[in-house]
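The following explanation leads the reader through a selected part of the structure, from a helix and its surroundings to points of backbone geometry.

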Amino acid sequence: MGRGGASKDRSDGPERKCISTGEVQPKFGLVRFVVGPDQQVVPDIMGKLPGRGIYVSADRAALEQAVKKKLFSRSAKQQVIVPDGLIEEVERQLARRVVDLISLQRKGGGAVAGYEKVKAWLQNEEAEVLIQASDGSGRGKSKLSTPHYGHYIGWLTANELGLAFGRQTVIHGALASGGLTLRVVEEAQRLKGVRKIETGKGQSKG
């Protein structure tokens, strides 16, 4: 199991075909879109909007190809309008979804923030997921390691994590197992695929 990723052997749940890659995969790894009354393509991050779903892998390259090759119109069998900044909107909504889920997990007592609290959770094997801000100090982040058989999320900003934990900024966070943790990991994995992530910023080694 790779760090940051949901388990790849999960097989439950319905599958859908990506219009960009042609691959069939579980819905939790895709982004759903619908065509609104004004013929505009609308991202449906929660998967609850009415209408026939159009699915694209949660991968920036797949989304870019769907836009460039007019695959939304082909799938919808009609001319549709792809708004400017659609991929950026998908990224924004996915980030908001992850932030909201972490916040709910925190309110249920299943998440902590701050270096010392996170360190204690890791030492006591209470942490299932280590979360670190993408724009945090590489040296500081390297002092904490991903839980054994756990997950790592390192592509949310300090401001986004601050929103999740009710603070201005947060660099280190951790999630306990159970509750919404699996959902957080899955949604964070979708965000990772869509978000442009700068490398070489000192991610900690798990």
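**Helix 1 and two positive phi angles**

In this predicted model, the buried residues of helix 1 are Arg60, Ala62, Leu63 and Ala66. Viewed down the axis of helix 1, these buried residues fall within an arc of 165 degrees, so they line one face of the helix. As for what this face meets, the buried residues of helix 1 pack against two strands, strand 3 (30-35) and strand 5 (54-57), and against helix 2, helix 3 (86-107) and helix 7 (181-194).

The start of helix 1 shows a contact between side chain and backbone: a side-chain oxygen of Asp59 reaches to within 3.1 Å of the backbone nitrogen of Ala61. Beyond the other end, helix 1 is followed by Lys70, which lies in the loop between helix 1 (60-68) and helix 2 (71-76).

The backbone of Lys70 deserves attention. Most residues other than glycine have a negative phi. Lys70, although not a glycine, has a positive phi of about 55 degrees. Lys70 is also exposed, with a relative accessible area of 59%, a value above the cut-off of 50% for exposed residues.

Which place does Tyr149 occupy? Tyr149 is in the loop between helix 5 (138-141) and strand 8 (151-153). Its phi is likewise positive, about 65 degrees, although Tyr149 is not a glycine. Tyr149 is exposed, with a relative accessible area of 70%. Lys70 and Tyr149 are thus each placed in a loop, and each is exposed.

Notes:
Residues are numbered from 1 along each chain as its sequence is written. This is a predicted model: local features need pLDDT of at least 70, side-chain atom pairs count only at pLDDT 80 or more; totals for chains, interfaces and linings use all residues. Side-chain values use heavy atoms; hydrogens and water are left out. Helices (H or I, at least four residues) and strands (E, at least two) are DSSP runs, numbered from the N terminus. Buried means under 20% relative accessible area, exposed over 50%, partly exposed in between (1.4 Å probe, protein chains only). The arc is that of the directions from the helix axis to the C-beta atoms. Contact means heavy atoms within 4.5 Å. A polar contact is a pair of N or O atoms within 3.5 Å; within protein, one must be able to donate a hydrogen and the other to accept it, and residues adjacent in sequence count only if both atoms are side-chain atoms.
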